[in-house]
Amino acid sequence: MSPKMIDSILLKHLTKKYILKNFIPDNSFINLLGVRFIKENDSYISILPFRPDLIGNFEIQTLHGGVTLSLLEVTAFLQIQMRLRKNSENEKEKVSFETLNTTAINIVDIQVDYLRPGLAFDSFAMAKVNRLGRRFASVSVIAWQKDYKKIFAQATIRFQILSK
């Protein structure tokens, strides 16, 4: 990721130019975490603004591991949803969130690497779809805070895709 792209992400976050408010339904879990989303090129970046109630270890002021995992999961899920939407648009179908809700996306396997503690700062995550088939998908996700080069967590998540 180029320094120019990192600056663009931070600017969008600081000016609160979030996207997907109309696309993502009122999801209580996403609202509870306070995750926001921005688009940068063809990637969707998730932003988890820091709040004191997200701390897991008060002595060293680090994020709870479950919060970190949730950020990674939400980011991967969003990237698959948006890829499915893009694929449907390429097939000239009209797509809405209700259309995507006819597809069930279930987590099959998660491999998480906690590389360093997530500190008391805003966190960012970006996913890359490794493979998206008709029934399964594989997504890699990374999370960082102040410095994109200092990833504090990464995951590979495999999903099962079922049409309802």
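Which helix and which strand each supply at least two residues of the lining of the second largest pocket? They are helix α3, residues 65-90, and strand β6, residues 123-132. This briefing concerns a predicted model. It treats the pocket, then the sheet, and then four individual residues.

**The second largest pocket**

- The space in the second largest pocket amounts to about 220 Å³.
- Its lining consists of 11 residues, and those closest to the centre of the pocket are Asp42, Tyr44, Met82, Arg83 and Lys86.
- Helix α3 contributes six residues, the largest share of this lining.
- Sorted by class, the lining comprises seven charged residues, three nonpolar residues and one polar residue.
- In general, empty space of this kind is revealed by rolling a probe the size of a water molecule over the atoms.

**The open sheet**

- Six strands make up an open sheet, and their order across it is β1-β2-β6-β7-β8-β5.
- The pairing of the strands in this sheet is antiparallel.
- Strands β1 (36-40) and β5 (103-114) are the edge strands, since each of them pairs on one side only.
- On average, neighbouring strands of this sheet are turned by 25° against each other, with direction ignored.
- Strand β6, which also helps to line the second largest pocket, is joined to strand β7 (residues 136-144) by eight bridges, and the two strands run antiparallel.
- One residue pair illustrates the bridging: Lys128 has Ser140, in β7, as its bridge partner.

**Asp42, a residue by the pocket**

- Asp42 is located in the loop between β1 and β2, the latter spanning residues 43-48.
- Is Asp42 buried or exposed? Its relative accessibility is 58%, and residues over 50% count as exposed, so Asp42 is classed as exposed.
- Leaving aside residues up to four places away in sequence, Asp42 touches Gln79 and Lys86. Lys86 is, like Asp42, among the residues closest to the centre of the second largest pocket.
- Asp42 and Lys128 are 86 residues apart in sequence, and their C-alpha atoms are 10.0 Å apart in space.

**Two buried residues in strands**

- Ser123 belongs to strand β6. Its relative accessibility is 1%, and therefore Ser123 counts as buried, the limit for that class being under 20%.
- Which residues does Ser123 touch, not counting residues up to four places away in sequence? They are Ser46, Ile47, Leu48, Leu63, Leu71, Trp144, Gln145 and Phe152.
- Ile161 is part of strand β8, which covers residues 151-163. Because its relative accessibility is 6%, Ile161 also counts as buried.
- Ile161 and Phe136 lie 25 residues apart along the chain, while their C-alpha atoms are separated by 5.5 Å.
- Phe136 is one of the residues that Ile161 touches, when residues up to four places away in sequence are not counted. The others are Thr103, Ala104, Leu132, Gly133, Arg134, Arg135 and Ala137.

**Gln61, a residue with positive phi**

- Gln61 is situated in the loop between β3 (55-57) and β4 (62-63).
- Most residues other than glycine have a negative phi. Gln61 is not a glycine, yet its phi is positive, at about 55°.
- With a relative accessible area of 34%, Gln61 is partly exposed, because this class lies between the limit for buried, under 20%, and that for exposed, over 50%.

How values were computed. Residues are numbered from 1 along each chain as its sequence is written. This is a predicted model: local features need pLDDT of at least 70, side-chain atom pairs count only at pLDDT 80 or more; totals for chains, interfaces and linings use all residues. Side-chain values use heavy atoms; hydrogens and water are left out. On a 1 Å grid over the protein atoms alone, a cavity is a set of points where a 1.4 Å probe fits but cannot get out, and a pocket is an open set with protein on both sides within 12 Å along at least five of seven lines; lining residues have an atom within 4 Å of a point. Grid points are joined across faces, edges and corners, and a volume is the space filled by probe spheres set on the points. Ala, Val, Leu, Ile, Met, Phe, Trp, Tyr, Cys and Pro count as nonpolar, Asp, Glu, Lys and Arg as charged, and the others, Gly among them, as polar. Two strands pair if DSSP finds at least two bridges between them. Axes are lines fitted to C-alpha atoms, for helices over the stretch in contact, and angles run from 0 to 180 degrees between N-to-C directions. Buried means under 20% relative accessible area, exposed over 50%, partly exposed in between (1.4 Å probe, protein chains only). Contact means heavy atoms within 4.5 Å.
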